[in-house]
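Here are some short exercises for getting to know a new structure. Have a go at each task before you read its solution.

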Amino acid sequence: MSLGDDFPLHSYTTEHDFIATLNSAFQSLSFNNTTTTTNSNPHVLSEPKPKSKSKSKKRSDPHHNSDENDQCGHPEIQDNKCINCKKKLLDDNFGVSFSYVRKGLRFSHKEIARLRDLQSHEKLKHKKLVLVLDLDQTLIHVTTSSKTKQSQTSSSGNDHFTLNSLQKTVKLRPFVRPFLKEASTMFEFYIYTTADKAYALEMTRLLDPENVYFGTRIISRDDSPRSDQKSLDLVLAPERMVLVLDDTEDVWLNHRPNLVSIERYTYFGSYSITDESETEGALVKSLRVLKLVHGLFFHKKLEVGFVQRDVRVILRMLRGEVLKGCNVFISNLDSRVCVMAEELGAMRAMELEESVTHVVSLVVGSEECLWAEREKRFLVHPRWIEAAYYLFERMPEQDFPISLKKFSNGCELENSFVCPRLVFVLFLIEVEATNCGLLKESLAVNWCMSCCFLRRLLSICHLSMKSFQKQFIGSERTRAPSQFNSAHGKFANI
Ligand SMILES: [Mg+2]
Ligand SMILES: [Zn+2]
């Protein structure tokens, strides 16, 4: 395995150096949840027995929660009866519910710890880690179906389904099947969704018709202690062996260090002209990251034992390499972008000083933009940071411009070709966007953005892009910039 090819590790000259540093990071147990405020347990690297105990206690029941069955001391309860001795359980808050495994099943915390231990040995033996997958907008995009009733489940192609029972139309994300196939050699999967159980089962069936990947490991809102948060307490593996792939960060407040964020997948009602690429789409890139973390976890040259290895440390270190050496000035102080930049290893400048390498801004013509142009520094859209965060890769700055003028450099649409009526429509769109608060600080819309809004406006007016082009532009030449169709074009989506 070579790390350097795919992932520029700026501060390491060789892979060997990186492994050595990783080794000492594991040894020093320096991992702490810098991005997590709610998780204050410092022993995250030890086996999670005491932690999960106290945490699940708090989360699953705020009033009272007994760990062991007072009646008989056995660890497994089914429908309020002890599995071993059939004694009726009087305490409703015993242990933790594992209803996703079997309805009515509860384990004591001690038993959970034991199962985790057992599972981790089993997984290490097979060189496997655990991957928790979100459904909506990570693996699939679903819309409420308004189509006429057909057969029970109709599918067109292999990735498009109409489910009349749920009145939904489902689109699988490009590359999802190869993704599952390949990732399953390195990970045991869980599905974890904030949707309900029936939905979760139905969607999983579409992804995994033969049921080879997920088994009973499908956690829904109905199984989760909290509806707005996802919890690794329900996953039967130590947290240091668990990665999460999800497009929503907010539901993982307690487990952000385990999270590999993926760009949100939108297919229905998308303003993008093309679907994600099968070969260069988000799942392809995520798979690369997962592979890398897996490869590092089981790296032969690591000296520390498996018990000390931690995917969170690996993720943090990899991420911290991406923008190392960059000194970014972020003009609008979008806190999410700032946190991302820091996690990516960038320095953050508070002022426009000599050492600044990048100005991140949305506002064309602002003071910092003028400064960047004058001082010949990179001037990029905040999506440049987001893209790096999702891809674990520093993207070419020129693909993330903030001004119309700059963008049109590389695209087919030249200012002189723009029909006055189009300009007027774009103006309306800008006003609409501003009214909607979509463009918080700026009226300056680059062509890509305009194109997004334009498509939305057209859909409101029931106009197709084609008829719009015919009516207003009248020329094949004035198409959306070629860049919009390129691999990076997807970042132009709002
Ligand atoms: Mg989602
Ligand atoms: Zn018993």
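**Exercise 1: the five-stranded sheet**

β12 and β13 are paired in the parallel sense, through 3 bridges. (Strands pair if DSSP finds at least two bridges between them; helices, H or I of at least four residues, and strands, E of at least two, are DSSP runs numbered from the N terminus.) Before going on, note that this is a predicted model, where local features need pLDDT of at least 70, side-chain atom pairs count only at pLDDT 80 or more, and totals for chains, interfaces and linings use all residues. Residues are numbered from 1 along each chain as its sequence is written, chains are lettered from A and ligands numbered from 1 in the order in which they are written, and side-chain values use heavy atoms, with hydrogens and water left out.

Task: work out which strands are the edge strands of this sheet, and which helix packs on it.

Solution. Start with the strand order: β11-β10-β5-β12-β13, an open sheet of 5 strands with parallel pairing. Next, look for strands that pair on one side only: these are β11 (218-219) and β13, the edge strands. For a close-up of the β12 and β13 pairing, find Asp246, which stands opposite Ser261 in β13. Finally, add helix α7 (residues 282-297), which packs on the sheet and touches β5, β10 (187-192), β12 and β13. Its direction makes about 170° with that of β12 (axes are lines fitted to C-alpha atoms, for helices over the stretch in contact, and angles run from 0 to 180 degrees between N-to-C directions).

**Exercise 2: the magnesium ion**

Task: find the protein donors of the magnesium ion (ligand 1) and place them along the chain.

Solution. First, pick out the donors (N, O and S atoms within 2.8 Å of the metal, or 3.2 Å for Na, K and Ca; water is not among the atoms, so sites may look incomplete). They are Asp134 (OD), Asp136 (O) and Asp247 (OD), at 2.1 to 2.2 Å from the ion. Now read their spacing along the chain: D-x1-D-x110-D. That links distant parts of the chain, as Asp134 sits in the loop between β5 (129-133) and β6 (140-144), while Asp247 sits in the loop between β12 (242-246) and β13 (259-261), 113 residues apart. Last, check burial: both Asp134 and Asp247 are buried (under 20% relative accessible area; exposed is over 50% and partly exposed in between, with a 1.4 Å probe and protein chains only).

**Exercise 3: two packed helices**

Task: describe how α9 and α11 pack, and name the residues that make the contact.

Solution. Begin with the geometry: helix α9 (residues 335-343) and helix α11 (residues 383-391) meet at about 50°, with axes 9 Å apart. The two are therefore oblique to each other (under 35 degrees is roughly parallel, over 145 roughly antiparallel, 65 to 115 roughly perpendicular, and the rest oblique). Then list the contact (heavy atoms within 4.5 Å): Arg336, Val337, Met340, Ala341 and Glu343 come from α9, and Ile385, Glu386, Tyr389 and Tyr390 from α11.

**Exercise 4: a cysteine in a loop**

Task: is Cys85 exposed, partly exposed or buried, and what does Cys85 touch?

Solution. Locate Cys85 in the loop between β2 and β3. With a relative accessible area of 35%, Cys85 is partly exposed. Leaving aside neighbours within four places in sequence, Cys85 is in contact with Cys72 and His74. To finish, compare sequence with space: Cys85 and His74 are 11 residues apart in sequence and 8.1 Å apart in space, C-alpha to C-alpha.
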